[in-house]
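User: I'd like to go through the cross-links in this one and hear the reason behind each label. Can you take me through them?

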Amino acid sequence: VQLQQWGPGLLKPSQTLSLTCAVYGGPITIMPYYWSWIRQPPGKELEWMGAIAYSGRTYYSPSLKSRTSISRDTSKKQFTLQLTSVTPEDTAVYYCARDYAGWGEYDYWGQGTQVTVSS
C-alpha cells in the first residue's frame, strides 16, 4: 500500500485548504481501515484531525469539527480533506495515513505536505 498526497503549499488567511490523498495497492472500502488526516504544526506534536472509515462514516476532532470536512471517491481510491477559514495557526505539515480500525495505529503514511498560511 502506498499513499500519495497533494495540495497547495501556501494559503492566505480565510481561504479553504483542500488536500487529496490517493491510495495505491488496495481499495479504501476494505475493512477495518480508517483513512485519516493528521497534522504537525512547527514545534508541536502530531494532531489527529479526522478520518473517514471504510464504511464512509466520518469522524472529526472536536476542536476542528466546525471547519473540517473529509470526503472520498471510492472509484479513484482517493480521500480529501477540506479545512475552511484557515489562519496562520493552521500552518503545519499535513499527512494522510491509514489507521487500523480507528485505533490510532497508523501503518502507512503519505509523504506529507507543508502548508503555510500567511498574508
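Analyst: Sure, starting with the disulfide: the link of Cys21 and Cys96 is right-handed, with 60° about the S-S bond. Bear in mind that this is a predicted model, where local features need pLDDT of at least 70, side-chain atom pairs count only at pLDDT 80 or more, and totals for chains, interfaces and linings use all residues. Residues are numbered from 1 along each chain as its sequence is written, and side-chain values use heavy atoms, with hydrogens and water left out.

User: Why is the link between Cys21 and Cys96 called a disulfide?

Analyst: The term is for a pair of cysteine sulfur atoms within 2.5 Å. Cys21 and Cys96 have an S to S distance of 2.1 Å, so the pair qualifies. A search of the whole structure turns up one disulfide. The pair links distant parts of the chain, 75 residues apart: Cys21 sits in strand β3 (residues 17-24) and Cys96 in strand β9. Strands here are DSSP runs (E, at least two residues), numbered from the N terminus. Both Cys21 and Cys96 are buried.

User: What makes Arg39 and Glu47 a salt bridge?

Analyst: You need a side-chain nitrogen of Lys or Arg within 4 Å of a carboxyl oxygen of Asp or Glu. For Glu47 and Arg39 the N to O distance is 2.7 Å, so the label fits. By this rule the count comes to four salt bridges.

User: How do you know whether Arg39 is buried or exposed?

Analyst: Buried means under 20% relative accessible area, exposed over 50%, and partly exposed in between (1.4 Å probe, protein chains only). Arg39 has 5%, so Arg39 is buried. Glu47 comes out at 23%, so Glu47 is partly exposed.

User: And what makes Arg39 and Asp90 a salt bridge?

Analyst: The closest N and O atoms of Arg39 and Asp90 are 2.8 Å apart, so the pair passes by that same rule. The two are 51 residues apart and link distant parts of the chain: Arg39 is in strand β4 (residues 33-40), Asp90 in the loop between β8 (78-83) and β9 (92-100). Asp90 is buried because its relative accessible area is 2%.

User: Which residues are linked in a network of salt bridges?

Analyst: Arg39, Glu47, Arg67 and Asp90. Arg67 and Asp90 meet at 2.9 Å, N to O, so they count too.

Terms used
Helices (H or I, at least four residues) and strands (E, at least two) are DSSP runs, numbered from the N terminus.
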